[in-house]
Amino acid sequence: MALPERILLGPGPSNPYPEAMQAFQRPVVGHLDPAFLALLDETCDRLRTVFGTANPLTLPISGTGSAGMEAAFVNVVGAGDVVVVGVNGLFGERMCDVAGRCGAEVIRVDADWGTPLDPAAVLAAHPAPKVIAVVHAETSTGVGNDIEPLGAGKGDALLLVDCVTSLAGIPVDVDGWGVDIAYSGTQKCIGVPPGLAPLTMSERARERRVERPQSWYLDLGMIGEYAATSGARKYHHTAPISMVYALHAGLGAVLDEGLDAVIARHAECGRLLHEGLDKMGLELFASEGHRLPELTTVKVPEGAADADVRQRLLVDYGIEIGGGVGAYAGKVWRIGLMGHGARRRNVTLLLAALAEVLGR
Ligand code: PLP
């Protein structure tokens, strides 16, 4: 097969951090090599910094963001446990599915897609749930949900938060907000290819883990011994060495620039994009005041052919934008500005290319 140019040369605006890509070229050492374990330790330290936590159990789970979601649920949710899930998009729906498969009694609290969850409604859904679970940044709708009031009002419950699209893109403060379990993915604002799911768990949640999780692979009791403690490490599964190199380097790029500066860069790019789309006469989908800078949703204008526009952006400009999901398929576009991709030049290029394709 002849590979298309964007696979050979890169798609331009959505590239990961160059440092992360270069790290893939390093020789692969053994996964119990002390040099690798030192690099893994430093990666976990870097994750603590971006998550805003001192949790000893902080590590990259092998697998994509969904593996982080499964690890989060399967370790604290057993048969009959009450789990309240805030749902205002596809990933909240997925949480209900995952919690249900763990045997939970799932109580959903819905908000319309495109609008934020009401924290008071989430907290009022049950007097004593074991877990309250929400998505911080709903990638399916471009809406950010407030986490702090949930931490303040959670009582005895464990607060479980999906930070796949928020980590290193908007402020995340695991310890400050009282989050007990948080997970992310490498391919969003951390700017590393997909393949690992950073996860952190408070000591409080660790004490309340289910004794024998239904998943062997994702049992944090066993993985934690390998990743959270230096010294006598036991084999659990073979760490994806090159992915850990890349995550270490991608986090290094973020911390060298400064986490606050990276978040400010995302905020500025999001603002410029929102303003530019508005000037073009397009209508943003997510409620004002809750729009994510790193993931913008905009309504497909009257008369525009959704798939054709996206195809032209991809083929002519190397720019990939996402289509709508669920009931919004064909009705909204989802534009990501994440990690290394969150640059002014990419906003300018996207706005110019979209204006040309739409004839505006
Ligand atoms: N949660 C959110 C908010 C996401 O955006 C995604 C993926 O886009 C996931 C979970 C699942 O992550 P993955 O596709 O890496 O498994």
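Okay, so Arg-206: at 27% relative accessibility, this residue counts as partly exposed. Keep in mind that we're looking at a predicted model here. Who does Arg-206 pair with? Its side chain meets that of Glu-203 in a salt bridge, 3.1 Å from N to O. Glu-203 is partly exposed as well, with 36% relative accessibility. Both residues sit in helix H9, which runs over residues 203-207, and they are 3 residues apart, about one turn of the helix.

That's one pair, and how many salt bridges does the structure hold? The count is 17. The general idea is familiar: side chains of opposite charge can pair when their charged atoms come close.

Let me show you another one inside a helix. Asp-97 makes a salt bridge with Arg-101, and the closest N and O atoms are 2.8 Å apart. These two are 4 residues apart in helix H5, residues 90-101, so about one helical turn separates them. How exposed are they? Asp-97 is partly exposed, at 40% relative accessible area, while Arg-101, at 63%, counts as exposed.

Now for a pair that isn't within one helix. Glu-283 and Lys-299 form a salt bridge, with 2.9 Å between the closest N and O atoms. Glu-283 is in the loop between helix H12 (259-279) and strand S10 (295-299), and Lys-299 is in strand S10 itself, so this pair ties together parts that are 16 residues apart in sequence. Glu-283 is partly exposed at 47% relative accessibility, and Lys-299 is partly exposed too, at 32%. And then there's a network: Lys-154, Asp-156, Asp-180, Arg-204 and Arg-208 are joined by salt bridges that share partners.

Okay, on to the ligand. Which residues come nearest to it? Of the 13 around the ligand, those are Thr-64, Ser-66, Thr-139, Asp-162 and Lys-188. If you zoom in on Thr-64, an N or O atom of its side chain is 2.7 Å from a ligand oxygen. For Asp-162, a side-chain N or O atom is 2.6 Å from a nitrogen of the ligand. Thr-165 has a polar side-chain atom 3.4 Å from a ligand oxygen.

How much of the ligand is covered? On its own the ligand has 390 Å² of accessible area, and the protein covers 87% of that. The elements giving two or more residues to the shell are helix H4 (65-76) and H5. H5 is also the helix with our Asp-97 and Arg-101 pair. As for the make-up of that shell, we have 4 nonpolar, 6 polar and 3 charged residues.

Note on methods: Residues numbered from 1 in each chain as written. Predicted model: local features only at pLDDT ≥ 70, side-chain atom pairs only at ≥ 80, totals over all residues. Heavy atoms only, no water. Salt bridge = Lys/Arg side-chain N within 4 Å of Asp/Glu carboxyl O. Buried < 20%, exposed > 50% of the residue type's maximum accessible area, 1.4 Å probe, protein only. Near = heavy atom within 4 Å. Polar contact = N/O pair within 3.5 Å; in protein donor to acceptor, adjacent residues only side chain to side chain. Areas by Shrake-Rupley, 256 points an atom, 1.4 Å probe, with all protein chains shown as cover. Nonpolar A, V, L, I, M, F, W, Y, C, P; charged D, E, K, R; others polar.
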